[in-house]
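Hi everyone, thanks for making the time. Please pull up the structure on your screens, and I'll talk you through it.

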Amino acid sequence: MIYVYKGSDRAAIAAEVAKVLGNDYEIFEGENLGVQELMNIFCGTSLFGEKRRILIKDLTPAPKKGDDDKKARVDFYEKMEEYVDTQHTIVIWESYTTQKASYKKFVKLKNVTEKKFEKTKPIDSRKVFDVMDVAYRDGRRAVQILNEIKGENDPYMFFGLMASQAIRKYGLSAGEKEKRVLVELSQLDMQMKSVNIEPWALISSFLLRLSSL
């Protein structure tokens, strides 16, 4: 199995590497690898014929200022397509991710799992209040505001604050609409945990319905 990890949250990636590979694994630096060395990693065996656990760091070099000799760089992801059936467990940790078609094709192959780890900023509860407040009157406008801020927020944390706000609102008035909103949020909570739909899309759909509940 091959795992490709990328993103700004290096601590989370390191934790995932330890989870997948354990504490005893081989490490290779991408800048020191050539095509032959890469083939040996994917196809080679250990001294006792055991399955290997391998971490490859920075297989894709970050572009350097003034470096336009792109043809001189080996496209490893194009070369690795024939090795995806490797018997070893391999993690590729990329600090810089190429946008080449070969990379995008590779991470969609069978036996390859890509995962992105990004640091999330603390959510501004005031922004959540604004979105919910607008949604009670104009769902479309609320979604527009959400689209402007969701890139810097985590959808699950955002949902948690939405639910907290709805509970406080129910505590103040305990009206029928407030009760229906809590029921909808309960259903949304289950959907976000079980349905294979992008979380922000589910939240947007809820905001569009909120004014008519």
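Let's start with a cluster of rings: Tyr-3, Tyr-5 and Phe-117 are linked by ring pairs. Before I go further, please keep in mind that this is a predicted model. In total, the structure holds 6 aromatic pairs. One of them is formed by Tyr-77 and Tyr-103, whose ring centres are 4.9 Å apart and whose planes stand at 85 degrees, so this pair is edge-to-face. Where do Tyr-77 and Tyr-103 lie? Tyr-77 belongs to helix α3, residues 76-79, and Tyr-103 to helix α4, residues 101-106, so the pair ties together parts that are 26 residues apart in sequence. Are Tyr-77 and Tyr-103 buried or exposed? Both Tyr-77 and Tyr-103 are buried.

Phe-158 and Trp-200 give us another pair, with ring centres 5.4 Å apart and planes at 65 degrees, so that one is edge-to-face too. Phe-158 sits in helix α7, residues 155-173, while Trp-200 sits in helix α9, residues 199-210, so here the parts tied together are 42 residues apart in sequence. Phe-158 and Trp-200 are both buried.

Now for the sheet. Its 5 strands follow the order β2-β3-β4-β1-β5, the sheet is open, and the pairing is parallel. Which strands stand at the edges? They are β2, residues 26-29, and β5, residues 112-116; each has a single partner strand, so one side of each is left without a neighbour in the sheet. On average, and ignoring direction, neighbouring strands are turned by 20 degrees against each other.

Let's look at one of those pairings. Strand β1, residues 2-6, runs parallel to β5, and 5 bridges join the two. Tyr-5, which we met in the ring cluster, stands opposite Lys-115 in β5.

Helices pack on this sheet as well. Helix α1, residues 10-21, touches β1, β3, β4 and β5, and its direction makes about 170 degrees with that of β4. Helix α2, residues 35-43, lies across β1, β2, β3 and β4 and runs at about 150 degrees to β3.

Next, let me zoom in on Trp-93. You'll find Trp-93 in strand β4, and its relative accessibility is 9%, so Trp-93 counts as buried. What does Trp-93 touch, leaving out residues up to four places away in sequence? Its contacts are Tyr-5, Arg-10, Ile-13, Ala-14, Val-17, Leu-55, Ile-56, Lys-57 and Asp-58. So Tyr-5, a member of the ring cluster, turns up again among the contacts of Trp-93. Lys-57 deserves a second look, as it lies over the face of Trp-93, at 5.4 Å from the ring centre. There is also a lysine over a tyrosine: the charged end of Lys-169 sits over the ring of Tyr-136, 4.8 Å from its centre.

Asp-58, another contact of Trp-93, has something for those of you who like backbone torsions. Its phi is near 55 degrees, which is positive although Asp-58 is not a glycine. Asp-58 is placed in the loop between β3 and α3, and with 29% relative accessibility it counts as partly exposed. Ala-174 is also a residue other than glycine with a positive phi, in this case about 50 degrees. You can find Ala-174 in the loop between α7 and α8, and at 44% relative accessibility Ala-174 counts as partly exposed.

Last stop, helix α5, residues 125-135. Which residues of α5 are buried? They are Val-128, Val-131, Met-132, Val-134 and Ala-135. Looking down the axis of α5, the buried residues fall within an arc of 165 degrees, so they line one face of the helix. As a reminder, an α-helix has 3.6 residues a turn, so residues three or four places apart point the same way. And what covers the buried residues of α5? The cover includes α6, residues 139-149, along with α7 and α9.

Let me finish in α7, with Gly-160. Gly-160 has a relative accessible area of 31% and is therefore partly exposed. Gly-160 and Asp-189 are 29 residues apart in sequence, and their C-alpha atoms are 9.0 Å apart in space.

That's my tour; thanks for listening!

Note on methods. Residues numbered from 1 in each chain as written. Predicted model: local features only at pLDDT ≥ 70, side-chain atom pairs only at ≥ 80, totals over all residues. Heavy atoms only, no water. Phe/Tyr/Trp six-rings, centres within 6.5 Å; stacked < 30°, edge-to-face > 60°. Helix = DSSP H or I, 4+ residues; strand = E, 2+ residues; numbered from the N terminus. Buried < 20%, exposed > 50% of the residue type's maximum accessible area, 1.4 Å probe, protein only. Lys NZ or Arg CZ within 6 Å of the ring centre and 35° of its normal. Pairing = 2+ DSSP bridges. Axes fitted to C-alpha atoms, helices over the stretch in contact; angles between N-to-C directions. Contact = heavy atoms within 4.5 Å. Arc of directions from axis to C-beta.
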